Amino acid sequence: MSRRDLPTLLSLFPLLTTAPALAVTAEPADIMQWQAKSFQGETDYALDAVQGRVAVRATCRDAASGLFLERPIDLRETPVLEWSWRVDETFPADGPAEDTKAGDDYPARLYVVKDGGLLPWRSRAVNYVWASAAPEGADWENAYASQAHMVAVRSGPPPEPGAWVTERRDVAEDFRRFHGSAPEEVDAVAIMTDCDDRDAEARAWYGAIRFLPR
């Protein structure tokens, strides 16, 4: 995801209000109401019915934009993030490495952000990605913003093209592992399908997103 002419990802989040942290349950129709933010061009997001279920379909052609929900989420009560996603294929495994700027593209990603407020350099993010070549379970600092840590939850084409996969991650534990401490709450969650650094195309589907108790 290129940021050549754009502020860094973490500086795009305005200083949030002190509204009480809430649990999040977002069905695809809810996700479509999230705020769109572009880094390069526009990924097309639309409601779709696939394999008998409603989803957000993301279609990317040399673009990088996402859908963001900016709201405090209480990790003390609901630290577990659960979501489902689906891809037909990933980028070629012999392309640029995903820990470089040239390879910082993913057919599907979901991330959470802890806002730094008046000190944007203190913002932190964890990106859960469907990688193309990095092995499943690998993690690395984002090539554009070291405050964002990448985690390859899935890697490579699915065994069955188009099969739905449900994921669960303990966000509080992941922040502790990758950033040294677990915040009591995070301030935003987002989805993004991006393909601009590779000048490529990608497509993914996203199902419901939930924050749950352990």
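**Exercise 1. Find the ring that lies under the charged end of Arg 86, and look for a second case of this kind.**

Solution. Start at Arg 86: its charged end sits over the ring of Trp 205, 4.3 Å from the ring centre. The rule used here asks for NZ of Lys or CZ of Arg within 6 Å of the ring centre and within 35 degrees of the ring normal. Now move to Lys 37, whose charged end sits over the ring of Phe 68 at 5.4 Å from the centre. Keep Phe 68 in mind for the next exercise.

A word on the model before going on. It is a predicted model, in which local features need pLDDT of at least 70 and side-chain atom pairs count only at pLDDT 80 or more, while totals for chains, interfaces and linings use all residues. Residues are numbered from 1 along each chain as its sequence is written, and side-chain values use heavy atoms, with hydrogens and water left out.

**Exercise 2. Count the aromatic pairs, then describe the pair of Phe 68 and Tyr 111.**

Solution. Step one is the rule: rings of Phe, Tyr and Trp (its six-membered ring) pair if their centres lie within 6.5 Å, and planes under 30 degrees apart count as stacked, over 60 as edge-to-face and the rest as tilted. By this rule there are 5 aromatic pairs.

Step two is the geometry. The ring centres of Phe 68 and Tyr 111 are 5.9 Å apart and the planes stand at 75°, so this pair is edge-to-face.

Step three places the pair in the chain. Phe 68 belongs to strand 5 (residues 64–74) and Tyr 111 to strand 7 (residues 106–114), so the pair links distant parts of the chain, 43 residues apart. Strands (E, at least two residues) and helices (H or I, at least four) are DSSP runs, numbered from the N terminus.

Step four is accessibility, where buried means under 20% relative accessible area, exposed over 50% and partly exposed in between (1.4 Å probe, protein chains only). Phe 68 is buried at 3%, and Tyr 111 is buried at 1%.

Finally, turn to Trp 83 and Trp 85. They form an edge-to-face pair, 5.4 Å centre to centre with 85° between the planes, and both are buried. Trp 83 and Trp 85 also belong to one aromatic cluster with Tyr 128 and Trp 130.

**Exercise 3. Locate the disulfide and work out which parts of the chain it ties together.**

Solution. Search for cysteine sulfur atoms within 2.5 Å of each other, the cut-off for a disulfide. The structure holds 1 disulfide, which joins Cys 60 to Cys 195 with an S to S distance of 2.0 Å. The angle about the S-S bond is -100°, and the link is left-handed. Cys 60 lies in strand 4 (residues 53–61) and Cys 195 in the loop between strand 12 (185–194) and strand 13 (201–212), so the pair ties together parts that are 135 residues apart in sequence. Check the burial of each end: Cys 60 has 1% relative accessibility and is buried, and Cys 195 is buried at 0%.

**Exercise 4. Decide whether Asp 62 is buried, partly exposed or exposed, and do likewise for Asp 199.**

Solution. Begin with the backbone. Most residues other than glycine have a negative phi. Asp 62, however, has a positive phi near 50°. Its place is in the loop between strand 4 and strand 5, and at 33% relative accessibility Asp 62 is partly exposed. Asp 199 also has a positive phi near 50°. This residue sits in the loop between strand 12 and strand 13, and at 58% Asp 199 is exposed.

**Exercise 5. Which residues of helix 2 are buried, and what surrounds Asp 174?**

Solution. In helix 2 (residues 171–179), the buried residues are Val 171, Ala 172, Asp 174, Phe 175 and Phe 178. Seen down the helix axis, they fall within an arc of 160°, so they line one face of helix 2; the arc is that of the directions from the axis to the C-beta atoms.

Next, look at the ends. Asp 170 caps the N-terminal end, with a side-chain oxygen 3.2 Å from the backbone nitrogen of Ala 172. Just after helix 2, Gly 180 takes a positive phi of about 90°.

Now take Asp 174, buried at 7%. Its side chain makes a polar contact with the side chain of Arg 169 at 3.0 Å. A polar contact is a pair of N or O atoms within 3.5 Å; within protein, one must be able to donate a hydrogen and the other to accept it, and residues adjacent in sequence count only if both atoms are side-chain atoms. Leaving out residues up to four places away in sequence, Asp 174 touches Tyr 128, Arg 169 and His 179, where contact means heavy atoms within 4.5 Å.
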